[in-house]
Amino acid sequence: MSFEILLSLVTNEVMPKITVKNSQGAIVAEFQGNSEEALSTQIQDAGAPIPMSCGAGACRTCCCKVTKGMEHLEKEAVGPMHIMVDDDEILSCIASLKLDAPEEAEIEVSSENL
Ligand code: FES
């Protein structure tokens with residue numbers, strides 16, 4: 001657990017809410033996100049087994065459609081994209097919350113492979 005996450009728990013700081021849906025539209029995870037880790041890591045830690053392959057933004061296995069809050073996500077937060085995705089999609093293995101995402105932000109993503 002990163003220092004920032006631990007500090008937010010100690011201070012009761014609210015962090016942006018992330019909702020993850022599967023390809024059928026069912027909610028499979030809801031959690032308070034952070035900008036320290038890749039979104040795929042946070043999704044897996046929240047209990048949703050989002051599939052991964054390359055882990056480096058090159059294969060699309062972890063691709064998610066963002067249905068809410070794209071403005072709060074950084075597509076290349078932990079590494080560069082090596083393939084193109086649509087404007088409303090992210091590669092969750094390299095995407096994360098923006099550093100300045102407001103605490104009241106709500107992000108909703110849908111994994112095509114869950
Ligand atoms: S696991 Fe390959 S692009 Fe994310």
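**Exercise 1. Place H82 and classify it as buried or exposed.**

Solution.
Step 1: Locate the residue. H82 sits in the loop that links β4 (73–74) to β5. This is a predicted model.
Step 2: Count its surroundings. H82 has 12 other C-beta atoms within 10 Å.
Step 3: Apply the cut-off. A residue with 12 or fewer such atoms is exposed. H82 is therefore exposed.

**Exercise 2. Find which residues H82 contacts, leaving aside neighbours within four places in sequence.**

Solution.
Step 1: List the partners. H82 is in contact with A56, G57 and A58, once neighbours within four places in sequence are left aside.
Step 2: Check one pair in space. The C-alpha atoms of H82 and A56 are 8.0 Å apart. Along the sequence, H82 and A56 are 26 residues apart.

**Exercise 3. Look at this contact from the side of A58: where is A58, and is it buried, partly exposed or exposed?**

Solution.
Step 1: Locate A58. The loop between α2 and β3 holds this residue.
Step 2: Count. A58 has 16 other C-beta atoms within 10 Å.
Step 3: Classify. A residue is buried at 20 or more such atoms and exposed at 12 or fewer. A58 is partly exposed because its count is 16.
Step 4: List the contacts. Leaving aside neighbours within four places in sequence, A58 is in contact with H82 and I83.
Step 5: Add a distance. From A58 to M84 the C-alpha separation is 8.9 Å, with these positions 26 residues apart along the chain.

**Exercise 4. State what sign the phi of R60 has, and how exposed R60 is.**

Solution.
Step 1: Locate R60. R60 lies in the loop between α2 and β3.
Step 2: Read the angle. R60 has a positive phi, near 80°.
Step 3: Put that in context. Most residues other than glycine have a negative phi. R60 is a residue other than glycine, yet its value is positive.
Step 4: Classify. R60 has 15 other C-beta atoms within 10 Å, so R60 is partly exposed.

**Exercise 5. Write down the strand order of the open sheet and name its edge strands.**

Solution.
Step 1: Count the elements. The protein has 2 helices and 7 strands. From the N terminus they run α-β-β-α-β-β-β-β-β.
Step 2: Give the order. 5 strands make up the open sheet, as β2-β1-β7-β3-β5, with mixed pairing.
Step 3: Find the edges. β2 (27–32) and β5 (89–91) each pair on one side only, which makes them the edge strands.
Step 4: Add the twist. On average, neighbouring strands of this sheet are turned by 30° against each other, direction ignored.

**Exercise 6. Decide for three pairs of strands whether they are parallel or antiparallel: β1 with β2, β1 with β7, and β3 with β5.**

Solution.
Step 1: Recall the principle. Strands of a sheet pair through backbone hydrogen bonds, either parallel or antiparallel.
Step 2: Take β1 and β2. They run antiparallel and are joined by 5 bridges. V20 has A29 in β2 as its bridge partner. The hairpin of these strands has 5 residues between them, and G25 there takes a positive phi near 90°.
Step 3: Take β1 and β7. These strands are parallel, with 5 bridges. I18 has its bridge partner, I107, in β7.
Step 4: Take β3 and β5. Strand β3 (residues 63–68) pairs with β5 in the antiparallel sense over 3 bridges. K65 is matched with E89 in β5.

**Exercise 7. Describe the largest nonpolar core: how many residues does it have, and which elements contribute two or more?**

Solution.
Step 1: Give the size. The largest nonpolar core has 23 residues. L73, I90, L91 and A95 have the most contacts inside it.
Step 2: Name the contributors. β1 (17–21), α2 (39–45), β3, β5 and β7 (106–111) each give two or more residues. β3 gives the most, with 3 residues.
Step 3: Follow I90. Leaving aside neighbours within four places in sequence, its contacts are L39, C64, V66, L73, K75, V85 and A95.
Step 4: Widen the view. Of the 114 residues in the protein, 32% are buried.

**Exercise 8. Find where confidence is lowest and where it is highest.**

Solution.
Step 1: Start with the whole. The mean pLDDT is 90, and 88% of the residues reach 70 or more.
Step 2: Compare elements. Helix α1 (residues 3–10) is lowest, at a mean of 49, while β5 is highest, at 98.
Step 3: Narrow down. The pLDDT is below 50 over residues 5–12, a stretch with 5 contacts in the model beyond near neighbours in sequence.
Step 4: Draw the lesson. Where pLDDT is low, the predicted coordinates should not be read in detail.

Terms used: Residues numbered from 1 in each chain as written. Predicted model: local features only at pLDDT ≥ 70, side-chain atom pairs only at ≥ 80, totals over all residues. Pairing = 2+ DSSP bridges. Helix = DSSP H or I, 4+ residues; strand = E, 2+ residues; numbered from the N terminus. Axes fitted to C-alpha atoms, helices over the stretch in contact; angles between N-to-C directions. Core = buried A, V, L, I, M, F, W, Y, C linked by C-beta atoms within 7 Å. Contact = placed C-beta atoms within 7 Å. pLDDT = per-residue confidence, 0-100.
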